[in-house]
Amino acid sequence: NVRNKKTINFIIGGPNKYFKYNRQTQKKIFNEIKFLGEKFKVNIIPSRRTPNSLIIELSKINMENVHIFDDLFNPKEYGELLSEGNSQIVTWDSISMVSEAISSEAGTFLFKFEEELCPKRYHEFFDKITNHNLAQFYNQNIKPYKISISEYNESLKTKILNKIQSN
């Protein structure tokens, strides 16, 4: 699959033991997708946890550039969407969704909300991935960028081998 420069995937999680996905959060996500749809093709990729009320609201967006991925149990199509998007915007409530987005090697942007509820271990994870340039925090002046997991893995491998040899 070839990356489309004008395509963004907006990957949405859902409530868990830390994040509530209250009405204000849902409205923030909705408004941001409408904003992005003015400039980009936006593939909305909900998860099984995404509130149904939010999916219903998003499906009412009547914009040519905004599409909802509704086959949640089709990993092949999900993977194709990840490889098509030039950028991935991911709600920060799921470390696994963030990791999947990063593994696509497209620029990944973390979408913050309900910041007061975000646990310390999530902040530590986000600090690590942003410090290694594997992700950035989202803002409306989005500038696509590429990452290379293989370069990061090669560097990590070298460090591990050096540590083993020095022992």
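Visitor: Which residues of α1 are buried?

Guide: Thr 25, Gln 26, Ile 29, Phe 30, Glu 32, Ile 33, Leu 36 and Gly 37. Buried is under 20% relative accessible area, exposed is over 50%, and partly exposed lies in between (1.4 Å probe, protein chains only). Bear in mind that this is a predicted model, where local features need pLDDT of at least 70, side-chain atom pairs count only at pLDDT 80 or more, and totals for chains, interfaces and linings use all residues. Residues are numbered from 1 along each chain as its sequence is written, and side-chain values use heavy atoms, with hydrogens and water left out.

Visitor: What puts the buried residues on the same side of α1?

Guide: Their arc, taken from the directions from the helix axis to the C-beta atoms. The buried residues of α1 cover only 165 degrees around the axis, so they sit on the same side of the helix. Arg 23, Gln 24 and Lys 27 are exposed on the other side.

Visitor: And what covers the buried residues of α1?

Guide: The cover includes β1 (4-12), β2 (41-46), α2 (52-59), β3 (66-68), β4 (85-91) and β5 (107-111). Helices (H or I, at least four residues) and strands (E, at least two) are DSSP runs, numbered from the N terminus.

Visitor: How far does α1 reach from its first C-alpha to its last?

Guide: Helix α1 (residues 23-37) has 15 residues and spans 21 Å, close to the 21 Å expected at 1.5 Å a residue. That expected span is 1.5 Å times one less than the number of residues.

Visitor: Why does Thr 91 count as buried?

Guide: Because its relative accessibility is 0%, Thr 91 counts as buried. This residue belongs to strand β4. Leaving aside neighbours within four places in sequence, its contacts (heavy atoms within 4.5 Å) include Phe 10, Ile 29, Val 98 and Phe 111.

Visitor: At what angle do α4 and α5 pack?

Guide: About 10 degrees, with the axes of α4 (residues 95-103) and α5 (residues 120-131) 12 Å apart. That makes α4 roughly parallel to α5. Roughly parallel is under 35 degrees, roughly antiparallel over 145, roughly perpendicular 65 to 115, and the rest oblique.

Visitor: Which residues meet there, α4 against α5?

Guide: Ile 95, Val 98, Ser 99 and Ile 102 from α4 meet Tyr 122, Phe 125, Phe 126 and Ile 129 from α5. By class, that contact has seven nonpolar residues, one polar and no charged ones. Nonpolar covers Ala, Val, Leu, Ile, Met, Phe, Trp, Tyr, Cys and Pro; charged covers Asp, Glu, Lys and Arg; the others, Gly among them, are polar.

Definitions and conventions: Axes fitted to C-alpha atoms, helices over the stretch in contact; angles between N-to-C directions.
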